[in-house]
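Trainee: Could you help me read the charged side chains in this structure? I would like to take it one question at a time.

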Amino acid sequence: MRRWWIISGFLAAVAGLSAAVWLSGYRQALGQLALQADADLELASDRLSSQLQVYQELAVLISDHPALRNLGSPGRRPEARRLLREVADKTAALDVIYAGANGIVLAAAQAVEGRNVSSSPAFQRAMHGALGSEHGVLPGTGGRAYTYAAPAFDAEGKVRGAVIVVADVEDVEQTWRGSTPAVFFTDQGGEVFISNRSELLFWTRPEQSPGLVPVEGPELPFAARTVGGHEIWTMGWGPYLPIRGLHMTRDLPVIGMRAEVLRDVAPARRLAALQAAAVAAICLAFGAMLFLATERRRALAEANQVLESQVTKRTRALSTTNVRLRQEITEREEAEAALKQAQAELVQAGKLSALGQMSAGISHELNQPLMAIGQFAENGEAFLKRGRVDKAGENLGRISEMAARMARIIRNLRAFARNESEPMGKVDVAQVIDAAVELTEARLRAEGVELDWNRPGHPVYAWGGEVRLSQVFVNLINNAADAMDGQAEKRIGISLTAGPRLQVAVRDIGPGIADPEKIFEPFYSTKAVGSADGMGLGLSISYGLVQSFGGNIRGANAAPGAVFTVELEPFREDEAA
């Protein structure tokens, strides 16, 4: 019994807490709903005021129209009648009337001329020189109308009559009828005159005392109460009106009415119910957890012992694995360092191999200027003895040119053979190709190879290393020359194309590539086994060098021969920074 009393007390406490949470959540949700309802009310009020203001301004504008003057003469009335009909047609007004100071209608778009409107409150106010307005139900048709009357003044400033514009309220409602929420406008007597819900038209709220006061009509039950400072209406008037609605009001002195709105509170009630249900679920879950706490504690203690045993075993295994992993990391780091060293040595070996292939031609290129220098020196000495200083000067100039040529060849050789790791940076690709062409010029001339190098007239900068890039182009030129060995006609073409990526194409007219898929694999060579021309590492080294610049190199067969294309990233100042 004690357990049942505890459970009953706990459930009662949960029910009380849930009810308090529901009421608090409901009031908070009503506060948010009130902000939305106020915005809806402001929007509807501004919309109605602006739509009616059109007719107000219309009455003021046409009150001074020349066609509405001197209408005491019947001959001027047809023109005034045409004007008023045209204005009524273009503005969708029910009627546009001009009445004299005595209230007799002198011209109208629809009304019968001669009718007396002096009893109209709007007309009476206009006769005092002010803008008048009124609303009501039109006799005969039963339609609702809102009327503006603007005074018309004569030359002496006296009121000679009034222009009356009758606006169709149903036409005004047509643009926002049926939109949510329910909005209606009541006059000073509390009667609903304008609304986007037809069920509310001509309804007047009955007198009531504070609290929940049900007022039963024939078909319109109504009750009002206050919750958290907000007025809640309870209604059962059909599917287009809320059963329970938040009621808010706003005075509109410009049109002499009060704007009111009904916002459905069902979402607020649902939100409060969800909050109360969530609190109840949490409390019930908490009670269940307390009820099972002892069993769970014992089960957790047993599981903790098992887990600690497993953790100890796995920690021992992880420690052993960690030691092995560190050993493997050390071994891999050593292997990576050895690989980098081997790659560097392989690149240098490739340079030296290329220099070996070009050595005979380079030796000839250096020996020929040396012999020419000696000859020019002897000639200069002879010219000096004869007193021909000008001829001696020409020979000295030629000696200087030969020395500069030898210095340039030696500088390119030193740069090409240098074994160092240069930084990546701004490289003039055209200048690098010039250096590669100069290094291979002696061999190409000796073997009768024609070189066509379309050099651009301006620097073309790429991202890379000058020495490594020069080795790539030397390898490609030498490979092109090797491919044409034994041919009668030998020709190499080099082109440089700018674009999103710089492209350098080296083309020969040899037999082409037998297996383009394997051309960049290490030790792949088309030369005979045991040949002294190389081991098939040149293109593999070139491929690795270009990849290190962020570029790409590819080889393909052409008609005739083969073409190797080197793609490089253009140098950009923002990337370098």
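Trainee: Is Glu328 buried, partly exposed or exposed?

Mentor: Happy to help, and keep in mind that this is a predicted model. Glu328 has a relative accessibility of 39%. Buried would need under 20% and exposed over 50%, so Glu328 counts as partly exposed.

Trainee: Which residues form the negative surface patch with Glu328?

Mentor: Start from Glu328 itself, which sits in helix α6, residues 293–385. Its partners in the negative surface patch are Glu331, Glu333 and Glu334.

Trainee: How many residues apart in sequence are the parts that Asp38 and Arg250 tie together?

Mentor: Good one! The two side chains meet in a salt bridge, at 3.3 Å from N to O. Asp38 belongs to helix α1 and Arg250 to strand β10, so the parts they tie together are separated in sequence by 212 residues.

Trainee: Where does Arg205, the partner of Glu231, lie?

Mentor: Arg205 and Glu231 form a salt bridge, with their closest N and O atoms 2.5 Å apart. Glu231 is in strand β9, whereas Arg205 lies in the loop between β7 and β8.

Trainee: Are Arg443 and Asp482 buried or exposed?

Mentor: These two side chains meet in a salt bridge of 2.2 Å, N to O. Arg443 comes from helix α8 and Asp482 from helix α9, so the pair links parts 39 residues apart in sequence. As for their accessibility, both Arg443 and Asp482 are buried.

Trainee: Which residues are joined into one network by salt bridges that share partners?

Mentor: The count for this model comes to 14 salt bridges. Through shared partners, one network joins Arg501, Arg554, Glu567 and Glu569.

Note on methods:
Residues numbered from 1 in each chain as written. Predicted model: local features only at pLDDT ≥ 70, side-chain atom pairs only at ≥ 80, totals over all residues. Heavy atoms only, no water. Patch = residues over 30% accessible without salt bridge, like charges linked within 9 Å, V, L, I, M, F, W, Y side chains within 5 Å. Areas by Shrake-Rupley, 256 points an atom, 1.4 Å probe, with all protein chains shown as cover. Salt bridge = Lys/Arg side-chain N within 4 Å of Asp/Glu carboxyl O. Lys, Arg positive; Asp, Glu negative; His and termini not counted. Charge placed at Lys NZ, Arg CZ, Asp CG, Glu CD. Helix = DSSP H or I, 4+ residues; strand = E, 2+ residues; numbered from the N terminus. Buried < 20%, exposed > 50% of the residue type's maximum accessible area, 1.4 Å probe, protein only.
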